[in-house]
Amino acid sequence: MSEGAPSTTLLGRGYAWSTSPRVLRSLLPAFSLAVILIAIFYLQPRAMSPIGMKLLFNLAVPIALATIAQMFVLAVNDLDLSIGAYVGFVVAVGSTMLSGGLAGLPLLEGLIPDPAPWIFTTPLAGIVVLAAAIGVYALLGAVIQLRNLPSIVVTLGMSFIWAGLAVLVLPTPGGSAPTWLRGLMTLQVPIVPFPIVALIVIGLVVHLLLMRSAYGAVIRGSGGNPRSVARAGWSLVRVKMAAFGLAGLFGVLSGLALLGLTTAGDANIAVRYTLLSIAGAILGGSEFVGGRVSPIGAVIGAATLTLANSFLTFLRLNPDWQIGAQGAILIIVLALRVLISRGEVRN
Amino acid sequence: MPAAVKQILERPWIWVYIAAIAVWGATMVFTQGQGGGDLLTAALAFATFSVIVALGQMMVITLGPGNVDLSIPATMTLAGTVATKVMDTQDSMILVGFLLALAVGLGVGLFNYGLIRLLQIPPIIATLSSSFLFQSAAIWYNRGLRIKPPPQLADIATRDVLGLPLLAAAVILLAVIVHVVLHRTTYGRAVTAVGQNTRAAALAGINVDRVRFQTYVFCAVLAAVNGFFFSAFSGGAALNMGQAYLLNSIAVVVIGGTSVAGGFANVPGLWAAAMFLFLVEAMLNTFGLGAGIRLVLTGLIIVGVIIAAGGQKTER
């Protein structure tokens, strides 16, 4: 927090534009994204069309939302190892209860009277369950703060719980996305493809929420120096509840976005999101400690990771090395960041 | 309460032993005492592999916040794959295979530490990125073919004497050694000191970089050794054989009473936590529950134990 957090974001102040390594550092995520995008266009010029861009960025939307969720947890010096399983749970609930109510649950098949009463078919059931899930996240924040627990282990345990619940709700891949959700994710926007609009909106909204609001500063401050935040009269329990609750909310949004794209559910669909979200947040300039996070960076980091995947496909690399190349891209971007940070220290 | 009893009850790991015994007892009640000994032997056999990697992970986590080795599964796979392919079911090649596994571990440790030190990448991300490379190397090296381990090695890895698996006995000994190293040697004290306060440790004359380097290499070598023996135990190296150990190694370390914030390691708790996690799985299997409920209950038990144990630790 020592360096005035707002100016470390992409919307850095103009006066430091030219040479400051701090600005360079905040531009790095955008720069890596641009490089990968140009490389993709070079390999596959057809990707430069609106439909191509849409396909490229589609999957970045749920990953960006999951990365934002992870970033809220990082902001209070914690780590969420359960976000992937949680997103899977949301997908499972979304594809069953949110479209068909309790009657949509495979578990209850045959138990519900045939002309099912209203109470069994209302999608309200799904909304209640998802709201409860967000409540569980907020509760976790409170417990972690009150009992001084390591978030890594608590969320590790929670990852089993979410995965198990997802399997109970949707034992085999199936179900279907609510129509409004499908409509939303395939929305047609003039000129700019929808996923890009969505990513920009997500980044800006969270930026305003966390970087520009008073309570956002308190959340980040509790990651930087919890004791001083507590001395200033803020309840650390409430701060943690807010941060974790927001993570739960964005986890729900991530799951719904993913479901809207895939249209059918699968409990294990988002297992990789846990590591992707951590990598995306760090790639976008967030730190593990100190409340130093960047929402716009997180969105760009998530997009970079998604595009890196497509890039490797276009490269027609030996499939054996596909995962390895992803690791190499991560290492290169982070190495660049270190080079810039060294300049920052020297200044 | 006698002083001795009180002293034992104050150990953070005692609760995990009690929990493990309780879970075993619950299973026994359900089966009316059938197969209690066999269950313990199986628990020891599987806990062995958790403990080997957890010993390394514990040292890494003790180095302080942000220190976690996520490359353990990939290292296990790579070492197991390379060793079984080179041994090619020949008993005469066992030693060569073992040395190769050690070399893989050494290489992985050097690479990981190189990323952390030279590129100053946070260890979680460094080991995550490098694990992709190791996993790719393992796929490329053997294309996922499963080669059987040499018969003699398989025999050593699966044999037990009076219900005590040979490997478990060796790893109990290893745990004792690590315990002594941790509490009685300069290196062990240095790891703890670095985890408690890196700056103070450096000012006290500890070569922090060297301690970190040794610890990451130690962890990677143990992961490689685990890959070697686990592929012998399970009839060959599979590409996903390390997967379960990513979360398992962290869970065992932390449930065992080691502080996630670093600076405080706990070896006796590792065995208790590893046994506990296996016994919970076994108990839920015995009850004949479906996969979903099993996962939920495993999670609830992990969260419950950590919430219950959380209050036992002093704040600072």
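Leaving aside its neighbours within four places in sequence, which residues is I68(A) in contact with?

**View 1. The surroundings of I68(A) in a predicted model.** Beyond its neighbours within four places in sequence, I68(A) touches I202(A), V206(A) and F250(A). P295(A), A298(A) and V299(A) complete that list of contacts.

**View 2. The largest nonpolar core, with 211 residues.** I68(A) turns up again here, as one of the residues with the most contacts inside this core. The others named with I68(A) are F57(A), M58(B), W271(B) and F276(B). Helix 11 of chain B, residues 208-233, gives the most to the core, with 15 residues.

**View 3. The contact between chain B and chain A.** Here 39 residues from chain B meet 40 residues from chain A. Together the two chains bury about 3600 Å², and carbon and sulfur atoms give 81% of that area. On the chain B side, look for I125(B), F132(B) and L295(B): they supply 13% of the area that chain B buries against chain A, more than any other three residues.

**View 4. Polar pairs between the chains.** If you are hunting for salt bridges between chain B and chain A, the count is 0. There are, however, 3 residue pairs in polar contact between the chains, counting pairs with both residues at pLDDT 80 or more.

**View 5. The helices of chain B that touch chain A.** Helix 5 (94-118), helix 6 (123-142), helix 12 (244-255) and helix 14 (291-310) of chain B each give two or more residues to this side. Helix 14 of chain B provides the largest share, 13 residues. Sorted by class, the side of chain B that touches chain A has 28 nonpolar, 9 polar and 2 charged residues.

Key. Residues numbered from 1 in each chain as written. Chains lettered and ligands numbered in written order. Predicted model: local features only at pLDDT ≥ 70, side-chain atom pairs only at ≥ 80, totals over all residues. Heavy atoms only, no water. Contact = heavy atoms within 4.5 Å. Buried area = accessible area lost by both parts, 1.4 Å probe. Salt bridge = Lys/Arg side-chain N within 4 Å of Asp/Glu carboxyl O. Polar contact = N/O pair within 3.5 Å; in protein donor to acceptor, adjacent residues only side chain to side chain. Helix = DSSP H or I, 4+ residues; strand = E, 2+ residues; numbered from the N terminus. Nonpolar A, V, L, I, M, F, W, Y, C, P; charged D, E, K, R; others polar. Core = buried A, V, L, I, M, F, W, Y, C linked by side-chain atoms within 4.5 Å. Buried < 20%, exposed > 50% of the residue type's maximum accessible area, 1.4 Å probe, protein only.
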